[in-house]
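Trainee: Could you take me through one part of this model closely? I would like the strand pairing first, then whatever connects to it.

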Amino acid sequence: MNQKITIAINREYGSGGRTIGEMIAKELGIHYYDKELVKLAAEDSGINEALFNKALSEFKGTPIFSLGHDIYDGKVLSPNDKDYTSPENLFACQAKVIRDLSERESCVVVGHGACHALKDRSNVVRVFVHAPDDFLLKQARLRLSMSDKELEKYVEKENKRRSEYFYYYTGEKWDDAHNYDLCLESSKLGFEKCCEIIKGYMKVRFDGLDFETGEF
């Protein structure tokens with residue numbers, strides 16, 4: 001049996017979610033998508049890649065939904081629409097690319113609202129990776145050269161941004177277990193065991209999977 005399965009991962013900064021995504025993609029011999037999605041969305045939509053990057057880097061969430069903001073509903077505007085390059089449509093363009101990829105191939109997608117964009121798909125495993133603050137800081141320290149105080153503020157700010165970004169475009173809470181098939185605490189499990197749990201879940205849920213022969 002040959003199934004196309006997408007593993008969509010959301011993760012706290014410092015939890016190792018990206019590393020886990022890269023590891024499992026390598027183990028399964030499938031494509032890993034993260035930052036590359038921006039380029040693919042730009043090519044697919046004809047919108048300058050810089051606008052996508054700007055929308056991501058300069059995002060400032062707001063809890064006020066009464067300002068005419070619409071959450072993502074699967075629709076992408078026409079290039080002739082005056083709001084074609086709006087942040088909301090840029091998100092929709094990325095979601096379209098993610099949905100197209102999910103139909104064409106087995107892959108791992110990290111971030112970019114994939115867990116919501118693919119919520120109606122039966123071939124998707126949605127995963128949230130989290131960890132205690134001390135572990136998040138320890139992992140962040142491996143990447144960033146900051147004082148402990150600066151690092152703590154950075155990690156807190158980054159996770160707040162991810163939470164608000166997800167809520168703003170999807171109307172769902174980023175860290176709500178109801179939005180995921182698996183919630184993994186990486187400090188207790190370790191990255192390798194997180195991969196094993198994801199693969200084990202896939203074997204139980206999807207019939208005919210054979211990771212040894214690549215039949216999935």
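Mentor: Strands β1 (residues 6-11) and β3 run parallel to each other, paired over four bridges. This is a predicted model, so read each contact as a property of the prediction. Within that pairing, A8 sits opposite V109 of β3. Strand β2 (residues 31-33) also pairs with β3 in the parallel sense, here over three bridges. V109 in β3 appears again, as the bridge partner of Y33.

Now the faces of β3, residues 107-110. C107 and V109 point to one side, V108 and V110 to the other. All four are buried, so both faces of the strand are covered, buried meaning under 20% relative accessible area.

Move on along the chain to H112. This residue is in the loop between β3 and α5 (114-117). Its phi is near 60°, a positive value in a residue other than glycine. Most residues other than glycine have a negative phi. H112 counts as buried, at 14% relative accessibility.

Next, the charged contacts around this stretch. Take E103 and R121: they form a salt bridge, with the closest N and O atoms 3.3 Å apart. E103 lies in helix α4 (residues 87-104) and R121 in the loop between α5 and β4 (124-130), so the bridge ties together parts 18 residues apart in sequence. The two ends differ in exposure: E103 is exposed at 52% relative accessible area, while R121 counts as buried at 17%.

The loop between α5 and β4 also holds K119, whose partner E172 is in the loop between α7 and β5 (182-185), 53 residues away. The closest N and O atoms of the E172 and K119 salt bridge are 2.4 Å apart. Here E172 is the buried end, at 13% relative accessibility. K119 is partly exposed, at 43%.

Helix α7 has a salt bridge of its own. R161 pairs with E158, the closest N and O atoms being 2.8 Å apart. These residues are three apart in α7, so about one helical turn separates them. R161 is partly exposed at 26%, and E158 is buried at 13%.

Helix α7 also contributes to a negative surface patch. D133, D134, E152 and E156 form that patch. Helices α6 (133-141) and α7 (148-170) each supply at least two of its residues. E156, in α7, is exposed, with a relative accessible area of 56%.

Last, the wider count. The model has 14 salt bridges. Elsewhere, E27, E196 and K199 are linked in a network of them.

Conventions
Residues are numbered from 1 along each chain as its sequence is written. This is a predicted model: local features need pLDDT of at least 70, side-chain atom pairs count only at pLDDT 80 or more; totals for chains, interfaces and linings use all residues. Side-chain values use heavy atoms; hydrogens and water are left out. Buried means under 20% relative accessible area, exposed over 50%, partly exposed in between (1.4 Å probe, protein chains only). Two strands pair if DSSP finds at least two bridges between them. Patches are made of residues with over 30% relative accessible area and no salt bridge: like charges are joined within 9 Å, nonpolar side chains (Val, Leu, Ile, Met, Phe, Trp, Tyr) within 5 Å. Accessible areas come from the Shrake-Rupley method with a 1.4 Å probe; for residues, only the protein chains shown count as cover. A salt bridge is a side-chain nitrogen of Lys or Arg within 4 Å of a carboxyl oxygen of Asp or Glu. Lys and Arg count as positive and Asp and Glu as negative; His and the chain ends are not counted. The place of a charge is taken as NZ of Lys, CZ of Arg, CG of Asp or CD of Glu.
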